[in-house]
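Please open the model in a viewer and keep the selection panel at hand. The tour proceeds by selections, each followed by a description of what is found there.

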Amino acid sequence: MAQNKKPAARTKAPIRWEFDSDIPTFDFFEEGPLDETWNLQEAVDRFVYWLKEDRFMIWETVVCEEQGIALTPKQKKLLGSLLDFNDEDDDQILYLDEVPRPSEPWHIILNRIVPYLLIEPFRTFDCQDEVKCEGWNQIVDALQEHGKGLSLPPGVEEVTEVVPAELRHKLWLQFCFDSLSGLGQEESLALDDPGECDRIEGFIDHLREFKDSVAYFGLTLDSLLTKVVLPERDQPIFVRMMQENLGLSSAQERIADHL
């Protein structure tokens, strides 16, 4: 008996983020350049808020409807709720809470923000901006919780992978380096103080969590110390403790092999 063939999955057409001049758009970076800490913090906060409130998803839904692109079940539900609250005779949606659609797709906006979060090299004795130390984690958490269903560029399968691999891995290492932040900022904050030695265990735990990033750069203790800079008095103690905790026989061994 012949069986009915399962219909082939339909490939969703890509969204064209191009609009006529009469369609209002919103500049996500209207506050100013991201090399200023306040503007960077505003951009990160807004990006995370838009993810949590489904604003990127809503605008993608609106654009899909305008361009005749098939909607997902979630998008159909979002569109239905939008039309219910639309007071205009014309069903075209131009504003959400008086704010028009962003002038760029979400992943372009993200890739304009993320490079400004990188601290390179990471000096433990410098006072770092909170947004640079925590911004990447906040964005990733929001993407993983609220980003499912957003459009992806060709060849990308996960929302976090819209950021180039090298930059992603640098930012995960930066998260690990934050365990050492503060060493050298005061005379008492040094690894020769037994109370500060727990930092190394926490640092290694984070390296294990992000082993892929350690492996991506083929890090050794020598190359690691070009990415995270400790005070001179702490460097030999750091090397010794890392070798003891990981069983490294030299500063040229690959750290990932011992995680």
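The stops below cover helix packing and internal cavities in this predicted model.

**Stop 1: helices α1 and α4**

Select residues 37-52, which form helix α1, and residues 106-113, which form helix α4. The two helices pack at an angle of about 150°, and their axes lie 11 Å apart. Angles over 145 degrees count as roughly antiparallel, so α1 is roughly antiparallel to α4. Their crossing is left-handed.

Next, display the side chains at this contact. From α1, select Leu40, Ala43, Val44 and Phe47; from α4, select Trp106, Ile109, Leu110 and Ile113, which they meet. By class, this contact of α1 with α4 holds eight nonpolar residues, with no polar and no charged ones.

**Stop 2: helices α1 and α5**

Keep α1 selected and add α5, residues 130-146. Here α1 and α5 pack at an angle of about 15°, with 9 Å between their axes. Angles under 35 degrees count as roughly parallel, and α1 is therefore roughly parallel to α5. The crossing in which α1 passes α5 is left-handed.

On the α1 side, the contact is made by Thr37, Leu40, Gln41, Val44, Phe47, Val48, Leu51 and Lys52. On the α5 side, select Val131, Lys132, Gly135, Gln138, Ile139, Ala142, Leu143 and His146. What classes of residue make up the contact of α1 with α5? They divide into nine nonpolar, five polar and two charged.

Leu40, Val44 and Phe47 of α1 take part in the contact with α4 and also in the contact with α5.

**Stop 3: the largest cavity**

Turn now to empty space inside the model. How many cavities of 30 Å³ or more does the structure hold? There are two. The largest has a volume of about 50 Å³.

To find the largest cavity, select its lining: Lys132, Cys133, Glu134, Trp136, Asn137, Leu171, Gln174 and Phe175. The elements that give two or more residues to this lining are α5 and α6, the latter spanning residues 165-177. The largest share, five residues, comes from α5. Colouring the lining of the largest cavity by class shows four nonpolar, two polar and two charged residues.

Lys132 lines the largest cavity and also belongs to the contact of α5 with α1.

**Stop 4: helices α6 and α7**

From the cavity, follow α6 to its contact with helix α7, residues 198-209. The axes of α6 and α7 come within 8 Å and cross at roughly 160°. The two helices are therefore roughly antiparallel to each other. In this case the crossing is right-handed.

Select Leu173, Phe175, Cys176 and Phe177 of α6, together with Phe203, His206, Leu207 and Glu209 of α7, to display the contact. By class, the contact of α6 with α7 has six nonpolar residues, one polar and one charged. Phe175 appears in this contact and in the lining of the largest cavity.

**Stop 5: the second largest cavity**

Finally, select Phe28, Phe29, Glu31, Gly32, Leu34, Asn39, Glu42, Ala43 and Arg46, which line the second largest cavity. About 30 Å³ of space lies in the second largest cavity. Its lining has four nonpolar, two polar and three charged residues.

Ala43 returns the tour to its starting point: this residue lines the second largest cavity, and it is part of the contact of α1 with α4.

Definitions and conventions: Residues are numbered from 1 along each chain as its sequence is written. This is a predicted model: local features need pLDDT of at least 70, side-chain atom pairs count only at pLDDT 80 or more; totals for chains, interfaces and linings use all residues. Side-chain values use heavy atoms; hydrogens and water are left out. Axes are lines fitted to C-alpha atoms, for helices over the stretch in contact, and angles run from 0 to 180 degrees between N-to-C directions. Helices (H or I, at least four residues) and strands (E, at least two) are DSSP runs, numbered from the N terminus. Angles under 35 degrees count as roughly parallel, over 145 as roughly antiparallel, 65 to 115 as roughly perpendicular and the rest as oblique. A crossing is left-handed if the near helix is turned anticlockwise from the far one by less than a right angle, and right-handed if clockwise. Contact means heavy atoms within 4.5 Å. Ala, Val, Leu, Ile, Met, Phe, Trp, Tyr, Cys and Pro count as nonpolar, Asp, Glu, Lys and Arg as charged, and the others, Gly among them, as polar. On a 1 Å grid over the protein atoms alone, a cavity is a set of points where a 1.4 Å probe fits but cannot get out, and a pocket is an open set with protein on both sides within 12 Å along at least five of seven lines; lining residues have an atom within 4 Å of a point. Grid points are joined across faces, edges and corners, and a volume is the space filled by probe spheres set on the points.
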